[in-house]
Amino acid sequence: MNAPLWALTLMIVGALATYFWRAFGVALSGRIDTASRLFEWVTCVAYALLAGLIARMILLPNGPLAEAASPDRIAAAVVALAIFFLTRRNIGLGVAAGAGALVLMSWGRGLF
């Protein structure tokens, strides 16, 4: 099999694998009972995974976030949570406040 035909075959197989699962999800989405116990469990697992990933990013970061001091990361997370709850659970303001606090604390450590 020559290279262009091989690449085209690979692309078609990849597209079929991707779009099959998307179509399957769309077909099932109308039949899911969002008030069922199974759906509540799936929701809880999704939130637990998200909380675990966020905790790992704060406590054991990789990449550029690892250069920030641990107290700065933890304090920025506390600021973000405080603003989130003080602004009636506004995610955008919470994230912006946490990111701004982390930047300011990192710059402050560089100045002193």
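Student: How far apart are the mean positions of the positive and negative charges in the protein chain?

Tutor: For the general idea, Lys and Arg count as positive and Asp and Glu as negative, while His and the chain ends are not counted. Each charge is placed at NZ of Lys, CZ of Arg, CG of Asp or CD of Glu. Here, the 8 positive and 4 negative charges have mean positions 3 Å apart. Keep in mind that this is a predicted model, where local features need pLDDT of at least 70 and side-chain atom pairs count only at pLDDT 80 or more, while totals for chains, interfaces and linings use all residues. Residues are numbered from 1 along each chain as its sequence is written, and side-chain values use heavy atoms, with hydrogens and water left out.

Student: How many salt bridges does the structure hold?

Tutor: A salt bridge is a side-chain nitrogen of Lys or Arg within 4 Å of a carboxyl oxygen of Asp or Glu. This structure holds two. In one, R37 pairs with E40, with the closest N and O atoms 3.8 Å apart. In the other, R109 meets D72 at 2.7 Å, N to O.

Student: Where do R109 and D72 lie?

Tutor: Helices (H or I, at least four residues) and strands (E, at least two) are DSSP runs, numbered from the N terminus. R109 sits in helix α4 (residues 91-111) and D72 in helix α3 (residues 70-86), so their salt bridge ties together parts that are 37 residues apart in sequence. R37 and E40, on the other hand, are three residues apart in helix α2 (residues 37-59), which puts about one helical turn between them.

Student: Which of these residues are buried or exposed?

Tutor: Buried means under 20% relative accessible area, exposed over 50%, and partly exposed in between (1.4 Å probe, protein chains only). D72 is buried at 5%, while its partner R109 is partly exposed at 46%. In the other pair, R37 is exposed at 70% and E40 is partly exposed at 39%. Across the 112 residues of the protein chain, 10% count as buried.

Student: What is the overall build of the protein chain?

Tutor: It has four helices and zero strands, giving the pattern α-α-α-α along the sequence. The C-alpha trace spans about 65 × 45 × 20 Å along its principal axes.

Student: What is the radius of gyration of the protein chain?

Tutor: That value is taken over C-alpha atoms, and the globule rule is 2.2 Å times the number of residues to the power 0.38. A compact globule of 112 residues would come out near 13 Å, but this protein chain has 22 Å.
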